[in-house]
Each structure stands twice: as C-alpha cells, then as structure tokens.
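Dear colleague,

I am handing over the structure below, and I would ask you to keep it open while you read the notes that follow it.

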Amino acid sequence: MKKKTIFFIIYLIFTMVSAFPASASADDVPKVNADIKVYDYAELLTEDQEKQLALKAKDILARHNIDIAIVTVNTTNGLSSMEYADDFYDYNPFGYGNDASGLLMLINMEEREVWISTTGNAITIFTDRNIDSLLDVVYTGLSQGDYYKAGNAFLSESERYISKWEFQQKPFRERYTIFGVLFFALFWGFGAGGFITFILFIFSKKSISGKPHMSTYQDNFELTTRRDNFLSTNTTRSAIPKNVSSSGSSRSGGSTTHTSSSGRSHGGGGRKF
C-alpha cells in the first residue's frame, strides 16, 4: 500500500512538472565566439557578405563602444524571436562595459520575423520610435529577399542613431566651436534684420503711395444707419479623435523594456516580413 502511494505521488509530481512549458535557458542557444559578429545559420549570405558585415560591426564597436551583431536562423528551438534574440546575446559574451551595452538583430526564417534586441545604453539610444524606424529601413531588404541589404541597412542606421545620441551627450561647449556659434549668430542676426527692414520698407511704401485723397469721398458721401437684431444662437460640437498607440509600446519618447531568462533588461521590437 505504501509503495503504491509513493509511486502515485511520484507520478503526480512528474505530471505536474510536465504540464509547465520549459523556460528558456542557456542550452537553447549555441555558444559562439562573440568577436565574429555575424552568425548566418540560415545561410542567407555569401561568405564575402558575412565578412563585410562583420568588419562593419566591429568598426562600430571600436568607435562607439556599443556592441552589435546579426543572427539568422531556420529555427528558434521553440522560443519566440524575442526570447531567442535576448538569450543569444545574454548567454554569449556580447556587450560593452558593465551593462553589456549593445544590440542584436535576429532574422527568424521559421516565422519570417525580424527582431531587434537592445541592452544597456542601447536601450536608451533605441527608443520604441527609433526601433520602429530602424525596422522600416531593414524591412525593405527583407521583403526583397536581399538579406545583405537588410543587414547593411541595420548596421548603417544603427550607427547613425548611436552617433546622434553621442553628440547629444556632449556639453554645449564641446558640440560647437566658438567660431561656429559666432557664424550662426551673425548669419541669423543679419538675416532677421534684413527681413524686418524689407517688411518695413514695403509697408511704408504702401502707406505713402496708396493713401486716397479726401476728394475721392466727397462726391459720393452718404450716411446710412444699420441695426443688427440678435435672434438666437446654435452651437455644434464634434469630438476630436485621439492618436491610438499600439499596445506594449511607448510613444512618449522612451523605451519599453522586459526581463529575459537571464534576468537582464532588454528593449527592442520586431515585425513579420
């Protein structure tokens, strides 16, 4: 009787554990050399194209201290594109600095979906709006089946956003030289002054030459009385439609984040192609 009870308890525990889906883990993604930067498991690129994209990605890391990688797969081993992209980044030595700053683009051929995962400073740089714009640029190549074009666009546009963010982080005195500030001040000063002078000249000319003589009104002068009677008022109101943002995204300029299986915070987004 005791043996039956023990076996029943073991069976019950096994059944309950099996009922829950397995969570993502380090075993679900391959272990790679993070210096390669381009991992074409779906074989969408030629060897030369891989090398060109890898060199560009390494150059971005060297110049901006933001890691960047591209991964293509035919299957995500049961994970969503978001989970696979996050885990591929987290369980391999990607990222710059203590916060592992960087981003990764996953091309998932199984679902025909592209996903961009951001970490560290890349979360701040690539807001929800910037992610949407980045996906717009990448989508052109993906929809044409030109995956090299998509990868190249991803790297170029990412670097543009990174450079813009770096410029904005500099103090004002480092953004512009004193000569640049003086030039713009003089340019706008003379430009505004010249425009105002021109407007005053036009109006002054009209006021001098366009004023009618008093005799113009003397021959046909007639005084009339006019009265308006107020009867009623009618007011019509119409509702102004509000912009509706997609669920899960922030349209106030920030980044929507989530926590991956490793416990790290990620931003990003994706779409089908």
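A good place to start is Val 114, which stands opposite Arg 271 in E6. Please bear in mind throughout that this is a predicted model. The strand pair E4 and E6 is joined by 6 bridges, and its two strands run antiparallel.

Stepping back to the whole sheet, you will find that it is open and made of 6 strands, in the order E1-E2-E3-E4-E6-E5, and that its pairing is mixed. Why do strand E1 (38-40) and strand E5 (258-259) each have one side without a neighbour in the sheet? Both stand at the edges and each has a single partner strand, so one side is left without a neighbour there.

For E5, 2 bridges join this strand to strand E6 (residues 265-272), and the two run antiparallel, with His 258 standing opposite His 266 in E6.

Two helices can then be added to the picture. Helix H3 (residues 81-90) packs on the sheet, where it touches E1, strand E2 (67-73), strand E3 (102-108), strand E4 (113-119), E5 and E6, and its direction makes about 135° with that of E3. Helix H5 (residues 128-144) also packs on the sheet, touching E3, E4 and E6, and its direction makes about 40° with that of E6.

Finally, E5 and E6 form a hairpin that has 5 residues between the strands, and Gly 263 in the turn has a positive phi of about 95°.

With best wishes

Definitions and conventions. Residues numbered from 1 in each chain as written. Predicted model: local features only at pLDDT ≥ 70, side-chain atom pairs only at ≥ 80, totals over all residues. Heavy atoms only, no water. Pairing = 2+ DSSP bridges. Helix = DSSP H or I, 4+ residues; strand = E, 2+ residues; numbered from the N terminus. Contact = heavy atoms within 4.5 Å. Axes fitted to C-alpha atoms, helices over the stretch in contact; angles between N-to-C directions.
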